Amino acid sequence: GQGDVGPSSGSDCCSWGGARERYLTETLHPFMVALLSAVRNRPPSEDPREARFHLWMEGLQEGLGLATVGEEVFVLQRGELSKVSDEDGDGLADRLETISNDWGLSGNYHEFAFGLPRDPAGNFYASLNVGFWSPEWWHGQSKVPYRGWALKIAPDGTTTPFAKGLRSPCGLGVNAAGDIFATDNQGDWMPVCPIYHLVEDRFYGHPASLNWTEAYRDAGVHPS
């Protein structure tokens, strides 16, 4: 999961499977449902023992990226970037709005989506894992757009393929200058676990993502 400093002087955390805390116990199917919880100190306290965990939203699909923008909460699910709101102010989320779902899902177990840093212009960044199928379980493939890519998502939802050649990117971050960084997971075409400085249009070594480049689409060929 992931956390961020949230609205109302609290913090938000997003969990992939379930949460077990002294204030909240919830067991959920780890591949179907995630939690969005709010951690609130009321009144604010410097003592972490005074924190209380409150279930704010459930029913998400693998929320593996979260960002707060002012009073707004955004969560990256497996298949979309969502904006989540509590419109009636009762402390529970009651509206989920799709910001972008401009990438593919084949149903493969490994098609995770991670994020969710923002650059100084307010764009979000997400990374999409390739999939793995038997019998060549070790061979990462990009059967749907844009597996193996990092995406840039504008506040209005406009989605741009940003960088390619990723295998199993499992963490994105941004520095004070607005540069985007990604970690990847070793495996086929990826001999070690790197940290990349992502640069727009650059290729980072795993060929599967080339499926969605203009050159490969026009030629009707597929990468190895």
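**Strands S7 to S10: pairing and burial**

Strand S8 (residues 72-76) and S9 run antiparallel and are joined by four bridges. This description rests on a predicted model. Strand S9 covers residues 81-85, and five of its five residues are buried, so the strand is largely enclosed by the rest of the structure. The points below follow the neighbours of S8 and S9 in turn.

**Burial**
- Neither side of S9 is left open: Leu81, Lys83 and Ser85 are buried on one side, and Ser82 and Val84 are buried on the other.
- S8 is also largely enclosed by the rest of the structure, because four of its five residues are buried.

**S8 with S9**
- The connection from S8 to S9 is a hairpin of four residues.
- Leucine 76 lies opposite leucine 81 of S9.
- Valine 73 has valine 84, in S9, as its bridge partner.

**S7 with S8**
- Strand S7 (residues 65-69) is joined to S8 by five bridges, and the two run antiparallel.
- Opposite glycine 65 stands leucine 76 of S8; leucine 76 also stands opposite leucine 81 in S9.
- The hairpin of S7 and S8 has two residues between the strands, and glycine 70 in this hairpin adopts a positive phi near 65°.

**S9 with S10**
- Five bridges pair S9 with strand S10 (residues 95-100) in the antiparallel sense.
- Glutamate 97 in S10 is the bridge partner of lysine 83, and Lys83 is among the buried residues of S9.

Technical notes:
Residues numbered from 1 in each chain as written. Predicted model: local features only at pLDDT ≥ 70, side-chain atom pairs only at ≥ 80, totals over all residues. Heavy atoms only, no water. Buried < 20%, exposed > 50% of the residue type's maximum accessible area, 1.4 Å probe, protein only. Pairing = 2+ DSSP bridges.
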